[in-house]
Amino acid sequence: MTDRPLRSLLYIPASNDRALEKVRSLACDGIIFDLEDAVAPDRKDEARTTLAATLAATDYAHRLRIVRVNAPDTPWGAADMEATRGMEIDAILLPKVGEVADLDIQTEHPIWVMLETPRAILNAAALAAHPRVAGLVMGTNDLARALRVPDAAGRGALLTSLSLAVLAARAAGKPVIDGVFTQFKDLGGLRTESEQGRDLGFDGKSLIHPVQIDVANEVFGPTAGDVERARAEIEAFEAAAASGRGVAVLDGRIVENLHAAAARDTLARAEAIARLT
């Protein structure tokens, strides 16, 4: 699994010059340059040309750079794959994946996979374990539609799918990103859904608007309290180990080696985030 922070991955339409420039000043950990849903059919050619020129001329600093292409079986898929050849990007994001055979595409880039169909969820473990796959992104809107979940039903019906995706990612040692929250003006709702995703084990949230970035970064990053607690756990465990004991007690709670390891992970994440600022 990557050590870089992936708290916030922002979708940017590849045809939007202004957005492609503005994202350079935003605090997102990654950018998903979108050639698929965010680009109208009559602007696909323009989007490819714009994106290629922008990536060739623009420094996006530490941000993970992923291009979401159209599925290979669409009228635009082959042209998208050709356009990404030679691009300075970290990965392509492949939509509408259902099984391992769908990963048999011609690209020199690592593949991130959209999990947005029932078949993809049922095959999540095999997809995540594939050597060409570098990460997973939930496509919760398409998945809900495929499962016939009403819009107003919340995410209860998706919990099994979300957890299976996290299990698959963790088993394979790959990052996994939660789906978008489409009501971008509802930051309270975004926070609630992000906290749910964090508690399920996701590494971060995919976003559709810059206003969502701060919430995702806060929820998926360690708080000052988390860092303080991690340091205390490490100190307590190391003191216990130095005296020949295998466990420590901190504030009435047992601290074992696994807790100390988790605390070190928390500190490492906090340090990696601090290096971005």
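What follows is a friendly dialogue on reading the features of this predicted model.

Reader: What should I keep in mind about the numbering and the confidence cut-offs?

Author: Residues are numbered from 1 along each chain as its sequence is written. This is a predicted model, where local features need pLDDT of at least 70, side-chain atom pairs count only at pLDDT 80 or more, and totals for chains, interfaces and linings use all residues, while side-chain values rest on heavy atoms, with hydrogens and water left out.

Reader: How many helices and strands does the chain have?

Author: Helices (H or I, at least four residues) and strands (E, at least two) are DSSP runs, numbered from the N terminus. Here the chain has eleven helices and ten strands.

Reader: What radius of gyration does the chain have, and what would a compact globule have?

Author: The radius of gyration is taken over C-alpha atoms, and the globule rule is 2.2 Å times the number of residues to the power 0.38. For 277 residues that rule gives a value near 19 Å, and the chain has 20 Å, which agrees. The C-alpha trace spans about 70 × 40 × 40 Å along its principal axes.

Reader: What share of the residues is buried?

Author: Buried means under 20% relative accessible area, exposed means over 50%, and partly exposed lies in between (1.4 Å probe, protein chains only). By that rule, buried residues make up 47% of the 277 residues.

Reader: And what share of the contacts joins residues 24 or more positions apart?

Author: A contact means heavy atoms within 4.5 Å. Among contacts with a separation of 6 or more, 62% are between residues 24 or more positions apart.

Reader: Let's take a helix. How does the span of α2 compare with the expected one?

Author: The expected span is 1.5 Å times one less than the number of residues in the helix. Helix α2 covers residues 44–57, and its 14 residues should span 20 Å; the end C-alpha atoms are 20 Å apart, which agrees.

Reader: Which residues of α2 are buried?

Author: A general idea helps first: an α-helix has 3.6 residues a turn, so residues three or four places apart point the same way. In α2 the buried residues are Lys44, Ala47, Arg48, Thr50, Leu51, Thr54 and Leu55. They pack against α1 (17–22), β2 (30–34), β3 (64–68) and α3 (77–84).

Reader: What does α10 look like by the same reading?

Author: Helix α10 has 19 residues and reaches 27 Å from its first C-alpha to its last, close to the 27 Å expected. Its buried residues are Val227, Ala230, Glu233, Ile234, Ala236, Phe237 and Ala240, and these pack against β9 (248–250), β10 (253–255) and α11. Just after α10, Gly244 takes a positive phi of about 85 degrees.

Reader: Which residues other than glycine have a positive phi?

Author: Most residues other than glycine have a negative phi. Two to look at here are Ala61, with phi near 55 degrees, and Arg148, with a positive phi of about 60 degrees. Ala61 lies in the loop between α2 and β3 and counts as exposed because its relative accessibility is 53%. Arg148 sits in the loop between α6 and α7 (159–172), and is exposed at 77%.

Reader: Now the pockets. What is the volume of the largest pocket?

Author: On a 1 Å grid over the protein atoms alone, a pocket is an open set of points where a 1.4 Å probe fits, with protein on both sides within 12 Å along at least five of seven lines; lining residues have an atom within 4 Å of a point. Grid points are joined across faces, edges and corners, and a volume is the space filled by probe spheres set on the points. The largest pocket holds about 960 Å³.

Reader: Which residues and helices line the largest pocket?

Author: Its lining has 37 residues, with Phe220, Pro222, Asp265, Thr266 and Arg269 nearest the centre. Helices α8 (187–200), α9 (213–220), α10 (224–242) and α11 (257–274) each supply at least two residues, and α11 gives the most, with nine.

Reader: Is Phe220 buried or exposed?

Author: Phe220, in helix α9, counts as buried because its relative accessibility is 4%. Leaving out residues up to four places away in sequence, Phe220 touches several residues, including Arg7, Ser194, Phe202 and Arg269.
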